[in-house]
Amino acid sequence: MTDSAAGLGERRLSATTIAPEARRGRGATANPDGRFETTRREILDDGWESEAGPTQPRTEVSAERARTIISRNTSPDIAFDRSINPYRGCEHGCIYCFARPNHGYVGLSPGLDFETKLFHKPEAAALLERELSARAYTPGTIALGTATDPYQPIERRYRITRGVLEVLARFRHPVGIVTKSNLVTRDIDVLGPMAADGLVKVAVSVATLDPVLARRMDPRAPHPEKRLEAIRSLSAAGIPVMVIVAPIIPSLNDHEIETILERARDCGAREANHVLLRLPHELDDLVNDWFAEHYPGRQSHVMSLVRQARGGKAYDSSYRTRMTGSGAYADLVTRRMRLAKRRLGYATERLTLRTDLFTRGAALGAQLTLF
């Protein structure tokens with residue numbers, strides 16, 4: 001029995017599930033209310049919608065006026081204490097994105113809203129310049145793109161990520177970029193000189209090499225081969241690259257771990273990491289509904305393994321284990337990663353970026369030439 005034929009009666013349709021023909025090219029199958037909302041919506045068809053036919057949701061982009069641009073964290077299990085997200089929401093539409101619940105903070109859904117109602121931060125570069133110029137500021141690697149992809153499609157129009165990088169380059173400030181888009185190669189002219197000074201590295205996310213699965217999981221992200229090409233181009237320009245096998249989903253893409261690592265290493269990746277599927281807050285129901293539509297025959301097995309790796313829950317936010325999980329299945333994945341990295345010659349230590357080159361003087365001097 002195939003996945004499409006098995007378990008069809010088990011799908012738990014929510015009141016906000018959207019018909020496939022009305023969301024073509026999008027990742028989420030539903031648009032539930034955020035967890036902070038005091039009311040709940042239901043989608044009802046009074047007959048007129050069926051008469052008119054489905055309408056495709058369009059991407060809407062609004063300006064977000066931020067007061068600051070650098071976000072701080074004290075998490076002991078991630079390699080940075082500050083980050084910048086040029087956008088809120090992400091048009092890539094990756095169903096598994098752990099940042100989807102963040103849309104609840106602005107009264108929007110972590111479902112379809114997350115990938116269709118986006119925000120850009122037009123003052124990002126100016127805010128960054130102001131914050132870096134503060135006398136009390138101490139340099140440390142800034143992570144660019146932790147809750148949204150800095151190179152999602154709208155970056156072609158708004159170029160906010162480009163502006164942020166240009167400021168960081170002038171200040172000679174270290175930055176680590178996380179993306180799954182080959183658009184990052186557009187900025188090689190900025191990243192190359194920064195890399196020569198030990199100021200940048202790029203992490204490229206590759207969850208699968210199967211184009212059919214990729215189109216279902218992250219429908220508007222570049223083809224897996226384009227991501228590998230990006231690794232090759234960045235590496236050829238002397239820019240250090242890490243490949244992130246993420247997310248690893250039990251019984252769906254976990255068989256590809258070694259192949260992804262080998263392909264990425266052949267393209268020049270120096271480091272590798274992985275993240276086990278994370279299902280915080282509303283993401284549990286969203287991913288379950290996605291499985292019920294696309295892979296119903298595997299749904300119960302996948303979710304069983306996920307819970308085994310999360311202490312019996314859909315998600316465990318405990319430090320040290322929230323990225324990779326715990327238990328037999330999680331340990332097996334970690335061992336496979338470790339053995340494959342050793343066999344393929346990946347670096348055993350993470351590249352540390354330089355902070356000693358940071359300077360306010362060069363940036364301020366450039367401003368003074370305007371007068």
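Me: Where does serine 251 lie?
Reply: Serine 251 lies in the loop between S9 and H9. The model is a predicted one.

Me: Why is serine 251 called partly exposed?
Reply: The relative accessible area of serine 251 is 26%. Buried requires a value under 20% and exposed a value over 50%. Serine 251 is therefore partly exposed.

Me: What is said of the phi of serine 251?
Reply: Phi of serine 251 is near 65 degrees, a positive value in a residue other than glycine. Arginine 320 also has a positive phi, of about 80 degrees, although it is not a glycine.

Me: Why is arginine 320 called exposed?
Reply: Arginine 320 sits in the loop between H11 and H12. Its relative accessible area is 58%, and the cut-off for exposed is over 50%, so arginine 320 is exposed.

Me: What makes asparagine 253 count as buried?
Reply: Asparagine 253 is in the loop between strand S9 (241–248) and helix H9 (257–266). Its relative accessibility is 2%. Because buried means under 20%, asparagine 253 counts as buried.

Me: What does the side chain of asparagine 253 reach, and why are these polar contacts?
Reply: The side chain of asparagine 253 reaches the backbone oxygen of alanine 207 at 2.8 Å. It reaches the backbone nitrogen of isoleucine 249 at 2.6 Å. The limit for a polar contact is 3.5 Å between N or O atoms, so the pair at 2.8 Å qualifies on distance, and so does the pair at 2.6 Å. Leaving aside neighbours within four places in sequence, asparagine 253 is in contact with Ala207, Leu213, Pro247 and Ile248.

Me: Which peptide bond is cis, and what is its omega?
Reply: The bond joining alanine 246 and proline 247 is cis, with omega about -10 degrees. Proline 247 lies in strand S9.

Me: Why is valine 206 called buried?
Reply: Valine 206 is found in the loop between strand S8 (200–205) and H7. Its relative accessible area is 0%. Buried means under 20%, so valine 206 is buried.

Me: Which residues does valine 206 touch?
Reply: Not counting residues up to four places away in sequence, valine 206 touches Arg227, Val243, Ile244, Val245, Ala246 and Ile260. The C-alpha atoms of valine 206 and leucine 261 are separated by 9.3 Å, with these positions 55 residues apart along the chain counted as their separation.

Me: Why are H8 and H9 called oblique to each other?
Reply: The axes of helix H8 (residues 224–236) and H9 come within 8 Å and cross at roughly 40 degrees. Angles under 35 degrees count as roughly parallel and those from 65 to 115 as roughly perpendicular. An angle of roughly 40 degrees falls in neither range, and H8 and H9 are therefore oblique. The contact is made by Glu225, Leu228, Ile231 and Arg232 of H8 and Arg263, Ala264 and Asp266 of H9.

Me: What makes H10 largely enclosed by the rest of the structure?
Reply: Nine of the 12 residues of H10 are buried, so the helix is largely enclosed. The buried residues are Leu283, Asp284, Leu286, Val287, Asn288, Asp289, Trp290, Phe291 and Ala292. What covers them includes helix H7 (211–217) and helix H11 (299–308).

Me: How does the span of H10 compare with the span expected?
Reply: Helix H10 (residues 283–294) reaches 16 Å from its first C-alpha to its last, close to the 16 Å expected at 1.5 Å a residue.

Me: What makes S2 and S10 the edge strands of the sheet?
Reply: Seven strands form an open sheet in the order S2-S3-S6-S7-S8-S9-S10, with mixed pairing. Strand S2 (71–72) and strand S10 (271–276) each pair on one side only.

Me: How do you know that S6 and S7 count as paired?
Reply: Strand S6 (residues 142–144) and strand S7 (residues 175–179) share three bridges in the parallel sense. Pairing needs at least two bridges, so S6 and S7 are paired. Isoleucine 142 stands opposite valine 175 in S7.

Me: Which helix lies across S6 and S7, and why can its direction be called roughly antiparallel to S6?
Reply: Helix H5 (residues 160–171) lies across strand S3 (82–84), S6 and S7, running at about 160 degrees to S6. Angles over 145 degrees count as roughly antiparallel, so H5 and S6 fit that term. Helix H12 (residues 328–344) packs on the sheet and touches S9 and S10, its direction making about 170 degrees with that of S10.

Technical notes:
Residues are numbered from 1 along each chain as its sequence is written. This is a predicted model: local features need pLDDT of at least 70, side-chain atom pairs count only at pLDDT 80 or more; totals for chains, interfaces and linings use all residues. Side-chain values use heavy atoms; hydrogens and water are left out. Helices (H or I, at least four residues) and strands (E, at least two) are DSSP runs, numbered from the N terminus. Buried means under 20% relative accessible area, exposed over 50%, partly exposed in between (1.4 Å probe, protein chains only). A polar contact is a pair of N or O atoms within 3.5 Å; within protein, one must be able to donate a hydrogen and the other to accept it, and residues adjacent in sequence count only if both atoms are side-chain atoms. Contact means heavy atoms within 4.5 Å. Axes are lines fitted to C-alpha atoms, for helices over the stretch in contact, and angles run from 0 to 180 degrees between N-to-C directions. The expected span of a helix is 1.5 Å times one less than its number of residues.
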